[in-house]
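Thanks for coming, everyone. Let's look at one structure together and walk through how its parts fit.

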Amino acid sequence: MSTFLAKSFETIVAYNPGEQLGDDYLKLNANESSQEPSPRVLEVLKNAQKLNYYNDPFQSKLRQKLADLHSLEMSNILVGTGADDVLDLIFRTFFERGDKIAFPKITYPFYKGYADTFGYEALEVPLTKDLHVDLSDYEELPHAVLVVNPDAPTGFLKPLSAIKKLVASHPERLVIVDEAYIDFGGESETAISLVNDFSNVIVVRTFSKSRQLAGARIGYAVACKELIKDMEALKMAVNPFNISLLQEEVALASLEDEFHFEKHVKEIIENRDFLTSALRILGFTVLNSKTNFVYASSKVISGAELYEKLRARHILIRHYATEEVKDFVRISIGTKQEMHRLVSEIDAILKEKDHVKSVNF
Ligand SMILES: *Cc1c(COP(=O)(O)O)cnc(C)c1O
C-alpha cells in the first residue's frame, strides 16, 4: 500500500473471479461460453479500421440497433464496458456515500463489493429456506433495490408480475434489474417491458453470457429517457469514450447474426436440460435453472470436495463457502461433449467415494 492511497479505500476487498488456469483445464466456472462468438465478430476484428480516430462518444449506431431490438428509442439505451461498468455508472449517478441499497444476501458478489468500496450501506435480505428471493420482502423497504432475474447463483426465474409489483409499489424508489442471463429462456419475463410505463426501473444487460463475448466487455442499461440522460451526463463528464470502436463494432456484428445467437442459446438450453437430468440421476439436487449454469448439491459429497476433485481432474467449477449455500456448486453449461465428460468424471468421483467407504468397513 502506498502512502497516497485514499483513506476510504484502505480496506478494499478484491472481487474473486473464476480461476484461469490455462487451456488444459475445462473452464465451467465463470458462465462464459466455451464456443466462439459469431464469425462476423471475428471478421470485424480482422478488418478493423479508423483506430487512429476517436470513436463516436454517443455510440449512436449501437444504441439505435439495441433500441430497435427492444422496440424502444436510442434515448432509452446507455452502453458500457460490460454490465459491471454499467452498474458502476448507475451507482455513481444515483447514489452517494451512506445511501442504502437493498439486495439479496446471496447474489452476484459485485454488489456487496461495490457498496463496501464506495461506502453505501448494503441491506442484505436473506433468501427463503428454498433459496428463493421473495420480492414481497422488498416491497416495504424505502431504499433502492437491486435484483437479478433470472437469479444468480440459483438460476431461478422470477415472474414479471412480481417485478412489476415491486416497481409499482414505491414509484420514488429505484429498482435495478440485472438481466445478465435473461436470454436463456426468461425473455417473456423481462422488465424492459416496464421501461415505458415506469420511471424508476433500470434494466441491465450484457453481451458476456448469451452473446459469447465475455472478453469483449459490452453491456448496456435500458430505462426511461430521464434516467438515461442523467447517466449519460455523468459519462460525458468523466469518460465520454467509455467503449472502444472495437467494442461497438463487435457488438453490432453480434447483433447482426441472430441465427448464430439463437443457435447458441438453443444449444445451451438443451445441454442444461441434459446436465440437470444427468446430475439428478446421480442423486444431486439441481435447482431449476433459466440461465447458462446449474446450481447443484449432493448428500454424498460436499461442494468443496466436489470442486477440489474436479479441479484435480482439470475441470473448474465454482464453489462459494458462504454458510447457506456451501453444499452447492455452480457449473456453467458448455458443449454436449463437455457436459458428457463432466458427468462421467463426477460419476467416477462418486464411485471412488463409495469404494473408500466399503474399504473402511
Ligand atoms: C456476469 C454477470 C455480470 C457482469 O457482466 P459483464 O458484462 O461481463 O460485466 C453482471 N451481473 C451478473 C448477475 C452476472 O452474472
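How many bridges join strand 3 to strand 4, and do the two run parallel or antiparallel? There are five bridges, and these strands run parallel. Keep in mind that this is a predicted model. One pair to find on screen: Ile101 has Ala122 in strand 4 as its bridge partner. Now follow the chain. From strand 3 it passes through helix 4 and on to strand 4, and this β-α-β crossover is right-handed.

Let's step back to the whole sheet. It is open, with seven strands in the order 2-8-7-6-5-3-4 and mixed pairing. Strand 2, residues 77–80, and strand 4, residues 121–125, are at the edges. Each has a single partner strand, so one side of each has no neighbour in the sheet. From one strand to the next, the twist averages 20°.

A quick reminder on pairing. Strands in a sheet pair through backbone hydrogen bonds, in parallel or antiparallel fashion. For the antiparallel case, go to strand 2 and strand 8, residues 219–223: four bridges join them. There, Val79 stands opposite Tyr220 of strand 8.

Next, the helices. Helix 4, residues 110–118, packs on the sheet. It touches strand 3, strand 4, strand 5 and strand 6, and its direction makes about 150° with that of strand 4. Helix 6, residues 225–238, lies across strand 2, strand 7 and strand 8. Its angle to strand 8 is about 140°.

Now the inside. Nonpolar side chains tend to be buried together in soluble globular proteins. Here, the largest nonpolar core has 60 residues. Phe91, Leu275 and Ile331 are among those with the most contacts inside it. Where does this core lie? Domain 1 (11–32 + 259–350) and domain 2 (39–256) both contribute residues, so the core lies between them. Another core, of 46 residues, lies apart from it, and includes Leu66, Val79, Val195 and Tyr220.

Zoom in on Phe91. Beyond residues up to four places away in sequence, Phe91 touches Ile101, Phe110, Tyr111, Tyr114, Tyr120, Leu146 and Ile176.

Last stop: Gln247, in helix 7, residues 245–255. Is Gln247 buried or exposed? Its relative accessibility is 11%. Buried means under 20%, so Gln247 counts as buried. Which residues is Gln247 in contact with, leaving aside neighbours within four places in sequence? They are Thr81, Ala216, Arg217, Ile218 and Asn242.

That's the tour. Over to you.

Key: Residues numbered from 1 in each chain as written. Predicted model: local features only at pLDDT ≥ 70, side-chain atom pairs only at ≥ 80, totals over all residues. Heavy atoms only, no water. Core = buried A, V, L, I, M, F, W, Y, C linked by side-chain atoms within 4.5 Å. Buried < 20%, exposed > 50% of the residue type's maximum accessible area, 1.4 Å probe, protein only. Domains from an automatic or database assignment. Contact = heavy atoms within 4.5 Å. Pairing = 2+ DSSP bridges. Axes fitted to C-alpha atoms, helices over the stretch in contact; angles between N-to-C directions. Right-handed = clockwise from strand over helix to strand, strands pointing away.
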